Amino acid sequence: MRLSDRIENEIVVLEPKGKIMGGPDASLLNDKIHEYIENNRKKVVIDLSKVEWMNSTGLGILISGYTRLRNHQGVLKLANVTDKIQSLLTITKLVTVFETFDSVDDAIKSFK
Amino acid sequence: MQKPQISGNCITIPSNQEFLSDVDMFIEGILRGYGADESIIADIAISVSELVNNAIAHGNAQNETKNVTVEISKNSDKVSISVQDEGSGFNPNSLDDPLAEENLLKEVGRGIFIVKSLMDSVNIVPSPRGTKITMTKTIK
């Protein structure tokens with residue numbers, strides 16, 4: 001997995017790429033979220049458009065980010081959820097936890 | 001053994017998650033050779049990654065002197081994949097329900113549930129010499 005990040009309209013946008021399956025790069029996303037929380041940026045959108053697939057480790061990373069932000073009065077939203085990831089969110093009932101949007105723009109607008 | 005060993009349709013890795021991507025490339029390559037479509041390849045790849053993660057972390061307890069062996073075969077349109085660790089076995093009935101309200105925000109504990117959801121069959125055989133999990137999926 002690779003990860004890029006940017007600020008768009010005061011919202012943090014994280015864009016992981018590739019497969020999220022665990023291993024050495026699994027902590028990248030969590031570390032980055034933690035870094036933004038430390039810098040008092042607590043509104044985060046994760047753009048999943050470039051994630052080929054993820055397993056339960058990937059879901060665990062999303063949950064960790066969600067709970068960590070929530071514990072710091074922040075919010076995590078998901079954008080561009082692919083069919084494969086949507087299917088995982090549905091079978092694990094995590095679809096009831098995460099707010100999802102069809103685009104990063106829609107996710108950013110939802111913070112206003 | 002310090003790095004993955006491949007023999008025919010079988011790959012063996014030391015218990016270190018840095019080798020997950022080697023297993024993934026090996027399995028996905030064989031599945032493409034079988035003519036499986038990309039969605040089915042993803043389902044199987046996700047399932048293999050779950051079982052290999054479990055074998056490394058829970059079966060072999062991250063002990064790099066213990067190996068994880070993954071073997072794939074095809075019979076007609078049905079692909080069979082086994083993942084074998086060298087741990088002391090585990091009780092598949094001891095797993096928590098990941099859909100229970102109190103478990104929904106847990107970061108771990110969904111692996112086997114996801115495998116059972118994505119694959120056609122999953123057979124877990126624990127033994128004192130290691131756990132072998134065999135799963136199947138029709139690819140066409």
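In this predicted model, a residue counts as buried when its relative accessible area is under 20%, and as partly exposed when that area lies between 20% and 50%.

Q: Why is Lys32(A) called buried?
A: Lys32(A) has a relative accessible area of 18%. The cut-off for buried is under 20%, so Lys32(A) is buried.

Q: What makes the contact of Asp5(A) and Lys32(A) a salt bridge?
A: Let's look at the distance: N to O is 3.9 Å for these side chains. The limit is 4 Å, so the pair falls within it. Asp5(A) sits in strand S1 and Lys32(A) in helix H1 of chain A, so this salt bridge ties together parts that are 27 residues apart in sequence.

Q: Is Asp5(A) buried or partly exposed, and how do you know?
A: Its relative accessible area is 32%. Partly exposed runs from 20% to 50%, so Asp5(A) is partly exposed.

Q: How do you know that Lys19(A) and Asp24(B) form a salt bridge?
A: Their closest N and O atoms are 2.7 Å apart, and the rule asks for a distance within 4 Å. Lys19(A) belongs to strand S2 of chain A and Asp24(B) to helix H1 of chain B, so the pair joins two chains.

Q: Why is Asp24(B) called buried?
A: Asp24(B) has 7% relative accessibility. That is under 20%, so Asp24(B) counts as buried.

Q: What makes Glu8(A) and Arg6(A) a salt bridge?
A: Here N to O is 2.8 Å, and the limit is 4 Å. Both residues also belong to a network of salt bridges, which includes Lys50(A).

Terms used:
Residues numbered from 1 in each chain as written. Chains lettered and ligands numbered in written order. Predicted model: local features only at pLDDT ≥ 70, side-chain atom pairs only at ≥ 80, totals over all residues. Heavy atoms only, no water. Helix = DSSP H or I, 4+ residues; strand = E, 2+ residues; numbered from the N terminus. Buried < 20%, exposed > 50% of the residue type's maximum accessible area, 1.4 Å probe, protein only.
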